[in-house]
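Student: Please take me closely through one part of this structure, step by step. Then show me what else is worth a look.

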Amino acid sequence: MTIVETKTPILQIRHISKRFDTTQALDDVSLDLYPGEIHALMGENGAGKSTLIKIMTGVYHPDEGEILLDGKPIRVGNSVEAQAYGIAAIYQEPMVYPDLNVAENIFITHRSRRLFVNWRKMYSEAEDILAKLDVKLDVRMPARGLTLAAQQTIEIAKAISLNVRVLIMDEPTASLSAHEVEQLFNLARSLRDQGVSVLFISHRMEEVFEIADRVTIFRDGRWISTLPRSEFTRERAIHDMVGRKIEEFFAKSLGQRGELLMSVRGMNKENVFADINFDVYGGEVLGFAGLVGSRRTDVGIALFGVEPADSGEILLDGKVKKIRSPEQALRMGIAYMTEDRRQMGLTMPMSITSNISLPMLHQYLSRFGLVQRRGEEATAEHYRQRLSIRTPSIQQPVGMLSGGNQQKVMLSKWLNTRPQILILDEPTRGIDVGAKAEVHYIINELAAQGLGIILISSDMPEIMAMSDRILVMREGRQIGIFTREEATQEIILTAAMGQNGGVMEAA
Amino acid sequence: MMEQLKRYFRPEQLRELSLVFLIVLIFLFFGSQIQGYFSPRIFNRVTSDVAIIAVVALGETLVLLTRNYDLSVGSIVGLTAFTVGKQLTAYPDMLPMVALLLAISLGVSMGLLNGLLVSFGRVPSIIVTLGTMAIFRSTLVSYPGNKIVVTNDLPQWVLDLGRMQLFTIGEFNIRPVVAGGLVIFIIFQLVTIYLPYGRRLYAIGSNPDAAHIGGLPAQRIVLIAYIICGAMAGLAGFMFMVRYGDLTVTGAQGMEMQVIAAAVVGGVSTNGGVGTMIGALLGALMINLLQQSLLRWLVISDFWVGALLGMLILVAVTIDAVIINRLRDIWTQRGLEIKSGDEKKVIKEKESHVA
């Protein structure tokens with residue numbers, strides 16, 4: 001794209017860094033956005049894409065570096081200011097007001113041009129914008145119940161009405177159908193042709209090939225490469241995204257595969273996942289790999305009975321079982337540790353002791369039906385030593401612990417249910433390196449004791465190192481199961497991202 | 001045809017129509033049960049009471065639209081009515097306009113306190129206003145001197161204002177209090193439909209996260225809603241004083257519940273974003289009409305009036321949850337439909353995998 005190079009950029013990101021506690025989310029990142037280009041930004045989960053968007057839209061403020069608009073440095077204090085600079089973002093989950101009608105949604109943030117709302121004028125202007133986008137929507141109807149694609153269209157219309165110059169699209173296609181994706185791309189192209197700079201974030205390789213003029217790749221919060229599409233190849237992209245060697249501290253002790261614990265056959269859930277088949281053996285770790293939105297967690301919570309599947313069979317010890325609720329799942333020896341420990345995994349103000357005993361409280365009752373603290377405390381003390389939870393006391397509120405120790409409390413809570421099968425959803429997300437290694441050690445120990453473990457993780461090196469077999473999902477489908485010997489990061493990432501499309505042979 | 005109908009007619013309007021219908025029904029029913037029900041005397045009483053409740057309910061609706069509550073309105077009404085009454089007793093020469101402004105500014109300052117705590121202090125509104133409800137009421141109870149205002153001590157213009165006939169329709173006359181309520185209603189109706197501020201109230205209650213990310217000055221909008229709500233409670237306090245004259249420190253106690261009930265019966269959602277001013281007005285009319293009528297109906301004892309009103313609220317909310325939500329579903333457009341049959345099939349297939 002020679003045109004691009006001769007123009008001056010609208011927006012320049014200069015040496016931006018941002019740190020959260022122990023993680024360096026962005027490290028000296030620079031990026032130029034030119035008028036009339038669609039610029040794709042790629043990277044693995046945690047590469048820093050979302051942080052950059054939030055800095056551009058004023059949600060976060062950079063620790064270092066600056067943003068230049070038309071060559072002049074600007075400070076984006078909040079989303080109102082971002083809008084004033086012509087920077088707007090649309091997200092995977094659009095932000096519409098369900099009780100307002102379509103036209104109002106488009107114009108709600110406008111600085112009032114007059115004292116009174118001129119409804120007739122607002123409707124006709126909204127219709128004009130939507131007509132320009134070639135979209136049919138009744139602007140008088142409330143936004144409630146619109147499809148995601150229609151909601152995104154409203155957000156785009158809103159951006160246009162605010163004279164957008166830089167439009168950020170954060171994985172906008174993740175929940176759209178093929179036709180809707182095509183419509184969205186047409187919108188993006190027409191915006192580009194009007195001189196807007198579109199920053200397009202996607203995990204899907206084929207989409208990036210289809211729409212991007214240039215591609216930038218981030219890894220671990222750092223800028224790795226920016227290439228015009230003509231020089232961009234799939235191999236190059238995957239290489240730049242993965243890039244690193246598997247860290248040494250993942251020490252996997254290969255245990256003996258035990259007996260078959262669970263078989264899942266043809267499990268479906270409408271609009272969520274389809275035709276999931278796998279076996280779990282005692283003593284092994286089955287990794288679930290896939291990108292955000294690949295529906296790995298949905299399979300996990302289906303097995304635990306939170307959101308049961310619509311059809312398909314789950315066999316435990318060779319017998320078909322129905323799991324309709326977490327209580328049933330627990331009774332059958334299945335435990336699921338959530339990825340969201342703050343919201344769903346732990347009760348932050350309660351003590352370590354109370355959190356651990358919570359699912360098994362009926363075991364700690366005295367004859368009169370009262371909770372016996374001594375039993376609870378013995379259990380908590382046991383797990384404190386076994387998982388080396390670092391805390392001044394087992395009466396400490398869980399909210400006061402570090403992320404790693406919280407994770408261990410959550411692990412204790414589910415281990416205390418004596419599961420045969422333990423589903424771990426992102427067990428090391430947001431904890432530091434030391435704690436991570438400890439959690440890995442614990443997972444190995446548990447497998448060695450004969451538990452069957454399902455490890456859902458977005459951390460590619462982790463899943464590579466920890467798993468005996470790896471099941472890869474993409475968009476609700478099972479792409480394949482790879483053995484430890486077969487799996488390389490390239491193979492797994494290719495399967496997770498698509499591109500060559502075909503379903504691989506299950507191992 | 002159906003599409004046109006859906007376009008200009010909303011489930012909310014259906015609800016308001018059925019309220020009108022119900023009010024007429026109540027009116028006719030008690031007309032046949034209570035002697036002299038259609039007399040000007042009862043008309044005056046009901047309309048004056050409704051006007052006071054409605055003014056407070058309209059202010060409360062602004063707050064409810066933003067997904068917040070104001071439980072302190074009853075205390076604000078009581079405090080302003082009593083304070084202004086006391087001042088008028090002490091300074092009978094005070095100009096009527098000064099007394100009115102005093103009432104409104106008292107209301108504004110109390111609303112400001114609520115609003116600051118809720119919007120900038122980020123304390124849940126139910127807690128804030130539960131606290132201020134008690135504080136305002138206690139302030140009133142600890143008012144120095146004797147604890148009552150007597151009609152006879154008030155200046156003559158207050159009494160006249162209460163009895164004055166602005167204009168008459170047949171035998172029925174419209175009093176200043178009622179006219180005031182109607183003016184407020186019309187202003188609020190215009191504000192919520194035609195002022196950007198009014199529309200943003202709906203936006204905030206409808207999706208607070210989007211309001212935050214989407215760049216609406218949410219804190220300021222909520223603060224102003226509380227200030228207006230306080231001002232309306234202050235105005236209602238003035239109307240209350242004019243209407244009753246004899247005041248004690250417990251005046252208007254429990255009015256917050258009547259007011260919230262009126263709004264909810266009128267279709268204002270406590271989850272924010274839904275509700276109209278005409279709905280709140282009709283709700284106030286219905287609640288008050290029923291209350292007044294039940295008190296005069298000798299068939300049931302006074303004790304049951306409260307229970308019946310409570311039931312009414314529950315019925316209204318249940319109807320809302322079941323029928324109105326169902327209607328809303330019928331009324332929604334999905335958007336971006338794909339015409340050709342072939343394409344649709346392909347997409348259906350794709351969608352069974354992607355969610």
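Tutor: Start with helix α13 of chain B, residues 277–296. Its 20 residues should span 28 Å at 1.5 Å a residue, and its end C-alpha atoms are 29 Å apart, which agrees. The expected span is 1.5 Å times one less than the number of residues. Helices (H or I, at least four residues) and strands (E, at least two) are DSSP runs, numbered from the N terminus. This helix is largely enclosed by the rest of the structure, because 14 of its 20 residues are buried. Buried means 20 or more other C-beta atoms within 10 Å of the residue's own; exposed means 12 or fewer; partly exposed is in between, with C-beta atoms placed from the backbone.

This is a predicted model, in which local features need pLDDT of at least 70 and side-chain atom pairs count only at pLDDT 80 or more, while totals for chains, interfaces and linings use all residues. Residues are numbered from 1 along each chain as its sequence is written, and chains are lettered from A and ligands numbered from 1 in the order in which they are written.

Now the close look: strand β7 of chain A. It covers residues 166–170, and five of its five residues are buried. In a regular strand, side chains alternate between the two faces of the sheet. Both faces of β7(A) are covered. A:V166, A:I168 and A:D170 are buried on one side, and A:L167 and A:M169 are buried on the other.

Next, its partners. Two strands pair if DSSP finds at least two bridges between them. β7(A) pairs with β6(A), residues 87–90, in the parallel sense over four bridges. There, A:I168 is the bridge partner of A:A89. β7(A) also runs parallel to β8(A), residues 197–201, and five bridges join them. In that pair, A:V166 stands opposite A:S197.

Step back to the whole sheet. It is open, has six strands and follows the order β6-β7-β8-β3-β9-β10 in chain A, with mixed pairing. β6 and β10 of chain A are the edge strands, each pairing on one side only. From one strand to the next, the twist averages 20°. Axes are lines fitted to C-alpha atoms, for helices over the stretch in contact, and angles run from 0 to 180 degrees between N-to-C directions.

Two helices lie across these strands. Helix α2(A), residues 49–56, lies across β3 (38–42), β6, β7, β8 and β9 of chain A, at about 145° to β7(A). Helix α9(A), residues 234–242, lies across β3, β9 and β10 of chain A, at about 25° to β9(A). Contact means C-beta atoms, placed from the backbone, within 7 Å.

Look at the loop between β9 (214–219) and β10 (222–228) of chain A: A:D220 sits there. A:D220 has a phi near 50°, a positive value in a residue other than glycine. Most residues other than glycine have a negative phi. A:D220 counts as partly exposed because it has 17 C-beta neighbours inside 10 Å. Its C-alpha atom is 7.7 Å from that of A:L26, though the two are 194 residues apart along the chain.

A:D70 also has a positive phi, near 50°. Its loop lies between β4 (64–69) and β5 (72–74) of chain A. With 12 other C-beta atoms within 10 Å, A:D70 is exposed.

Further along chain A comes a hairpin. β19(A) and β20(A) form it with two residues between them, and A:E475 in the turn has a positive phi of about 50°. Six bridges join β19(A), residues 469–474, to β20(A), and the strands run antiparallel. A:R469 has A:T483 as its bridge partner. In β20(A), residues 477–483, five of seven residues are buried.

Last, the nonpolar core. Such a core is a set of buried Ala, Val, Leu, Ile, Met, Phe, Trp, Tyr and Cys residues joined through C-beta atoms within 7 Å. The largest has 240 residues, and A:L455, B:V55 and B:V56 have the most contacts inside it. Helix α11(B), residues 218–244, gives the largest share, 19 residues. Leaving out residues up to four places away in sequence, B:V56 touches B:V73, B:V77, B:M232, B:A233, B:A236, B:M255 and B:V259.
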